[in-house]
Amino acid sequence: LHVRPMGRGTLRALLQDPIEEGQESPEEMTDELLAGVETLRRRGIVQGDRADNRIHVHPAIRKTAARRIHSEDRKAWAEYHERIAEHLSNTARRARSIWDHYWAFRHLTRCGKSKKAYETQKTFIEFFMGAGYLDLARGVLEILLDRVQSPFREVVIGNLAIVLKNEGQYD
C-alpha cells in the first residue's frame with residue numbers, strides 16, 4: 001500500500017475513521033499499533049524504531065498485505081491511498097518538500113483521483129523539468145495523459161512536448 005517508510009503521521013492519517021462509542025481514539029490506536037510494530041521489529045519482520053520515526057516493512061510482506069487489502073475491499077484500498085496522499089500533501093506544504101508532493105501524486109493516481117493528481121503535479125512538474133529530472137517528469141505526464149480530459153489533457157501534452165524537446169527528441 002505504502003511504498004515508502006511510514007512515520008507516525010502516516011499511521012494517524014490511515015486511522016482517521018470516525019470513532020464510535022466505546023472505540024479507542026486514533027492516538028490510542030496509533031500507540032497500540034506502534035507497540036505491535038515494535039514486536040514485529042524484534043522478530044525481524046519490520047525495521048526502524050521511534051528514533052528515526054519510520055517503519056520499513058519487508059517488500060514481500062508489503063506486497064502480500066497490499067494484494068490482500070486490494071482484493072478484499074477496493075473501496076478501502078482507494079480510501080487508504082487518498083488518506084496517505086492527503087497526509088503527504090499536508091506534510092509537503094509544511095516542510096516545503098517537492099518529493100512529498102510527488103509521492104502524494106503517486107497515491108492519488110493509484111486510487112483513481114485523476115483530477116487531484118493533476119492539481120498535485122502542478123506543484124512539482126516545473127521543478128522536475130527545470131532541474132533535469134526529465135525521466136520523472138515524462139513518467140508523471142505519461143500517467144496523466146491517459147487519465148485527464150480537456151483542457152487539462154492539452155496542458156499535459158504541451159508539457160510532455162517540452163520534456164521531449166529537452167531530451168533532444170524532436171520526432
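How many of the 171 residues of the chain count as buried? In this predicted model, the share is 33%. The views below start with the whole chain and then move in on a few spots.

**View 1. The whole chain is built from 9 helices and 2 strands.** Follow the sequence along and you meet the pattern α-α-β-β-α-α-α-α-α-α-α, so to speak a pair of helices, then both strands, then the rest of the helices. Take the contacts between residues at least 6 apart in sequence: 48% of these join residues at least 24 apart. On the outside, the chain exposes about 10700 Å², and carbon and sulfur atoms supply 50% of that area.

**View 2. A nonpolar patch on the surface is formed by Leu-40, Ile-45 and Ile-61.** Together these three residues have about 200 Å² of accessible area. Leu-40 sits in helix H2, which runs over residues 26–42. Is Leu-40 buried or partly exposed? Leu-40 counts as partly exposed because its relative accessibility is 32%, and the cut-off for buried is under 20%.

**View 3. Here is Ser-89, a residue of helix H4.** Helix H4 covers residues 74–95. Ser-89 has a relative accessibility of 10%, so it counts as buried. Which residues does Ser-89 touch, leaving aside those up to four places away in sequence? Its partners are His-101 and Ala-104.

**View 4. Helix H9 takes in residues 152–166.** From first C-alpha to last, the 15 residues of H9 reach 21 Å, close to the 21 Å expected at 1.5 Å a residue. Just look past the end of the helix for Gly-168, which follows H9 and has a positive phi, near 85°.

**View 5. This one is about the buried residues of H9: Val-156, Asn-159, Leu-160 and Val-163.** They lie on the same side of H9, because the arc they cover around the axis is only 105°. The general rule behind this kind of spacing is that an α-helix has 3.6 residues a turn, so residues three or four places apart point the same way. What covers the buried residues of H9? The cover includes three helices: H6 (114–121), H7 (125–131) and H8 (134–145).

Conventions. Residues numbered from 1 in each chain as written. Predicted model: local features only at pLDDT ≥ 70, side-chain atom pairs only at ≥ 80, totals over all residues. Heavy atoms only, no water. Helix = DSSP H or I, 4+ residues; strand = E, 2+ residues; numbered from the N terminus. Buried < 20%, exposed > 50% of the residue type's maximum accessible area, 1.4 Å probe, protein only. Contact = heavy atoms within 4.5 Å. Areas by Shrake-Rupley, 256 points an atom, 1.4 Å probe, with all protein chains shown as cover. Patch = residues over 30% accessible without salt bridge, like charges linked within 9 Å, V, L, I, M, F, W, Y side chains within 5 Å. Salt bridge = Lys/Arg side-chain N within 4 Å of Asp/Glu carboxyl O. Expected span 1.5 Å × (residues − 1). Arc of directions from axis to C-beta.
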